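Trainee: Could you take me through one part of this structure closely, starting from a single side chain and working outward to whatever surrounds that part?

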Amino acid sequence: MAELKPVYDPIGQHHAIPGGLKQYEEMYKESIDPSTRDEFWRKQSAQFIDWIRPYDRVSTGGFAVGDHAWFVGGQLNVSACCLDRHLATKADKTAILWEADEPGQSKKLSYLEVFHGTCRVANALKLHGCRKGDFVTIYMPMMPDTAMAMLACTRIGCPHSVVFAGFTATSLKDRIVDSQSKWVCTADVGKRGSKTIKLKEITDAAVNDCPNVERVFVFKRTGEHGVPYHARDVHMDLVVPKMRPYCHAEAMGSEETMFTLYTSGSTGKPKGVAHSYAGYLLFAAMTTKYSFDLRDDDVFACVADVGWITGHSYIVYGPLCNGATTVMFESVPTYPDPGRYWQMVATHKISVFYTAPTAIRALMAYGDEPVKKHDRSSLRILGTVGEPINPEAWRWYFQVVGDSKCAIADTYWQTETGGHVMTPLPGVTPMKPGSCCLPFFGVEPKVLDAQSGQEVAWSKGQRADGVLALAKPWPSACRTVWGDHERYMATYLDCYKPYYFTGDGCTKDEDGYYWITGRVDDVLNTSGHRIGTAEVESALVAHPAVAQAATIGYPHDIKGQGICCYLELTKGITESPELLKELKGAVRSAIGPFATPDLLIPVAGLPKTRSGKIMRRILRKVAAAEEDQLGDVTTLADPSVVPLLIAKVKQAQ
Ligand code: 6R9
């Protein structure tokens with residue numbers, strides 16, 4: 001573990017929490033104490049939400065059966081909270097600052113322009129028959145229209161399901177079918193690092209297998225890709241300008257579904273994690289404000305993709321609900337060169353910059369020069385998210401990127417949590433490199449013993465190791481798995497009753513700081529992407545050459561975790577470089593390029609227990625070159641597979 005001595009924050013006072021750690025502790029207590037919590041959340045919601053109808057109860061229900069609900073009886077409209085309410089004072093302020101793939105092609109849209117654009121898109125959706133309550137799948141690149149499509153959905157009360165534009169046609173189809181979307185938004189193409197991704201073509205391939213889809217709304221990114229249009233397609237570049245720039249904002253119940261986002265778990269197909277309007281919006285907005293000490297003149301750049309939860313909460317809803325200027329970055333950190341982020345920081349005077357450890361590690365490999373040649377004096381806060389950040393990368397981010405003058409916000413959270421559940425607060429929480437520090441308001445972490453489920457005893461000066469659970473619902477705790485509440489209960493709430501189980505390992509250190517040690521389930525985290533081992537394995541065994549596959553994560557310098565697949569080939573098939581290439585391709589085309597295995601290792605036999613269960617623990621240790629720590633192998637049906645395995649892995653690495 002890294003150093004335990006806190007690094008004190010160099011940026012000075014937090015605007016909203018000027019009383020520092022003492023004030024945080026008071027506010028935190030207020031947010032969870034049963035006698036004060038309702039009042040705490042009442043005050044917070046009044047700051048961020050314009051209620052159309054006031055709520056009757058702050059919160060009801062709980063994790064016992066997953067009926068937790070917030071601001072019950074209230075009505076609001078998310079797009080109105082993000083746009084309309086700023087028009088009186090901020091109509092001309094830049095809402096979305098778009099940094100296109102090619103440097104120098106940025107575009108600014110004011111709050112009034114985003115409001116008008118959102119209303120027009122909403123009216124176009126309605127014109128073609130889309131109605132309140134209908135699901136809309138959004139498969140779009142990083143362009144302002146994508147944010148406006150999301151906001152348009154919330155305006156007319158349609159839950160959206162954004163599918164990351166790196167997914168394949170099959171993955172897109174599965175998600176359209178699962179959410180029963182009749183409406184799909186896409187673009188002609190996407191641009192990333194000078195490459196063109198033919199989104200309309202991929203969407204067509206997906207939608208051809210989805211008879212329920214009535215319309216595909218096609219936004220124009222470049223217009224250069226002349227794909228054939230079908231009767232079901234709507235040319236948004238022709239229709240949108242004809243629409244009225246005002247659209248009624250539907251009054252939506254606090255607890256109605258605002259969106260689903262598909263995420264990988266340890267088993268089965270990705271789940272549609274469902275969030276509801278009021279709780280989600282409040283928490284996204286509050287965390288944006290407090291975790292980044294957001295100020296009115298900030299230029300806020302979260303360089304994630306809107307296809308992931310980070311983009312939902314910290315590109316679109318959190319910043320816009322706060323009336324901030326949010327940057328949408330279309331490109332990749334190394335295009336046209338590894339100074340791209342910092343050149344963008346200099347050009348737009350970005351003050352809050354939020355990225356993932358994998359990007360930091362990849363850029364570190366190019367040295368300090370690409371950073372130092374750009375002016376970064378506008379930076380105040382540097383955020384990270386997606387996986388544990390190793391202290392070395394933390395220090396480089398802090399010292400080189402931030403010139404030791406910026407606060408680092410290591411924000412720990414998940415698709416399911418909607419917003420940050422643990423994070424230091426800039427100017428408030430002394431930072432420790434590699435620790436996500438302390439819980440956010442309303443969040444009660446518990447370190448549990450994985451076997452017994454009992455809380456691990458902790459007191460100051462002691463350490464507690466275990467798995468991380470969260471005791472009570474916070475406003476944006478996900479509400480269900482779309483269409484499968486049983487699966488929701490089984491995945492999150494039945495494991496360590498009556499708590500929510502995160503799936504992560506955790507240490508609480510001597511000072512009460514939390515350190516996330518990574519997933520304890522069969523979920524991989526590679527370059528910040530969550531991938532279920534079962535998804536990779538099912539893509540592999542779908543190939544006739546593969547009899548069985550076992551996938552595990554292993555330590556990888558840049559990606560955090562690399563994907564390693566052990567394969568038992570079908571009898572009569574011999575391994576060859578061509579076959580392995582083909583199998584990699586099979587995973588790429590089943591899930592997406594980001595899921596491409598790093599290592600494919602054909603083995604004579606997988607280590608199995610007598611009951612036939614694959615012992616992944618052994619596979620993990622071997623891939624991590626920790627074969628001296630294999631532990632007990634006597635329960636294996638055939639222990640002789642182990643030395644063969646070790647020899648094979650050494651050869652592959
Ligand atoms: C927001 C997001 C969630 C998983 C989570 C954990 C890992 C995210 C982290 C972190 C350590 C951090 N994770 N942030 N681990 N420190 N600051 O990434 O959502 O894609 O659902 O992934 O990512 O393992 O359980 P999601």
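Mentor: In this predicted model, the side chain of His-348 makes a polar contact with the side chain of Glu-99, at 2.7 Å. His-348 is found in helix α12, which covers residues 340-348, and the residue counts as buried because its relative accessible area is 11%, under the 20% that serves as the cut-off. Setting aside residues up to four places away in sequence, His-348 touches Leu-97, Glu-99, Ser-106 and Val-299.

These contacts lead to the sheet. Strand β4 spans residues 94-99, and strand β16 spans residues 299-302; both belong to an open sheet of seven strands, in the order β5-β4-β17-β16-β18-β19-β20 and with mixed pairing. The edge strands, each pairing on one side only, are β5 (107-110) and β20 (407-410), and from one strand to the next the twist averages 20°. Within the sheet, β16 and β17 (residues 325-329) run parallel and are joined by three bridges, with Phe-300 standing opposite Thr-326 in β17. Helix α5, residues 111-127, packs on this sheet, where it touches β4 and β5, and the direction of the helix makes about 80° with that of β5.

The stretch between β17 and α12 deserves a careful look as well, since it holds a cis peptide bond. Pro-336 has its place in the loop between these two elements, and the bond that leads from Tyr-335 to Pro-336 is cis, with omega near -5°. A second bond of this kind runs from Lys-497 to Pro-498, with omega near 0°, and Pro-498 sits in the loop between α16 (485-493) and β24 (500-508). As background for reading such values, most peptide bonds are trans, and most residues other than glycine have a negative phi.

Two residues can be set beside that second statement. Phe-71, in strand β2 (residues 69-72), has a positive phi, near 55°, although the residue is not glycine; with a relative accessible area of 0%, Phe-71 is buried. Gln-180, in the loop between α7 (169-179) and β8 (183-187), likewise has a positive phi, near 50°, but Gln-180 is exposed, with a relative accessible area of 60%.

Another histidine to examine is His-86, which lies in the loop between α3 (78-82) and α4 (87-90). The relative accessibility of His-86 is 6%, and therefore this residue counts as buried. Leaving out residues up to four places away in sequence, His-86 touches Cys-81, Ala-91, Tyr-111, Leu-320, Cys-321, Asn-322 and Gly-323. Of these contacts, Tyr-111 falls within the residue range of helix α5, while Leu-320 and Cys-321 fall within that of α11 (309-321).

Helix α11 in turn leads to the ligand. A nitrogen atom of the ligand is 3.1 Å from a polar backbone atom of Gly-386, and a nitrogen atom of the ligand is 2.8 Å from a polar backbone atom of Thr-411. An oxygen atom of the ligand, for its part, is 2.5 Å from an N or O atom in the side chain of Asp-504. On its own the ligand has 520 Å² of accessible area, and the protein covers 95% of this. The elements that give two or more residues to the shell around the ligand are α11 and β25 (514-519). Of the 17 residues around the ligand, those that come nearest are Asp-410, Thr-415, Asp-504, Arg-519 and Arg-530; among them, Asp-410 lies within the range of the edge strand β20, and Arg-519 within that of β25.

Further along the chain there is another group of paired strands. Strand β28 (residues 546-556) runs antiparallel to β29, and 10 bridges join the two; they form a hairpin with three residues between them, and Ala-549 of this pairing stands opposite Leu-567 in β29. With strand β30 (residues 599-602), β29 pairs in the parallel sense over four bridges, and the bridge partner of Tyr-566 in β30 is Ile-601. Strand β29 covers residues 560-569, and because eight of its 10 residues are buried, this strand is largely enclosed by the rest of the structure.

Definitions and conventions
Residues numbered from 1 in each chain as written. Predicted model: local features only at pLDDT ≥ 70, side-chain atom pairs only at ≥ 80, totals over all residues. Heavy atoms only, no water. Pairing = 2+ DSSP bridges. Axes fitted to C-alpha atoms, helices over the stretch in contact; angles between N-to-C directions. Contact = heavy atoms within 4.5 Å. Buried < 20%, exposed > 50% of the residue type's maximum accessible area, 1.4 Å probe, protein only. Near = heavy atom within 4 Å. Polar contact = N/O pair within 3.5 Å; in protein donor to acceptor, adjacent residues only side chain to side chain. Areas by Shrake-Rupley, 256 points an atom, 1.4 Å probe, with all protein chains shown as cover.
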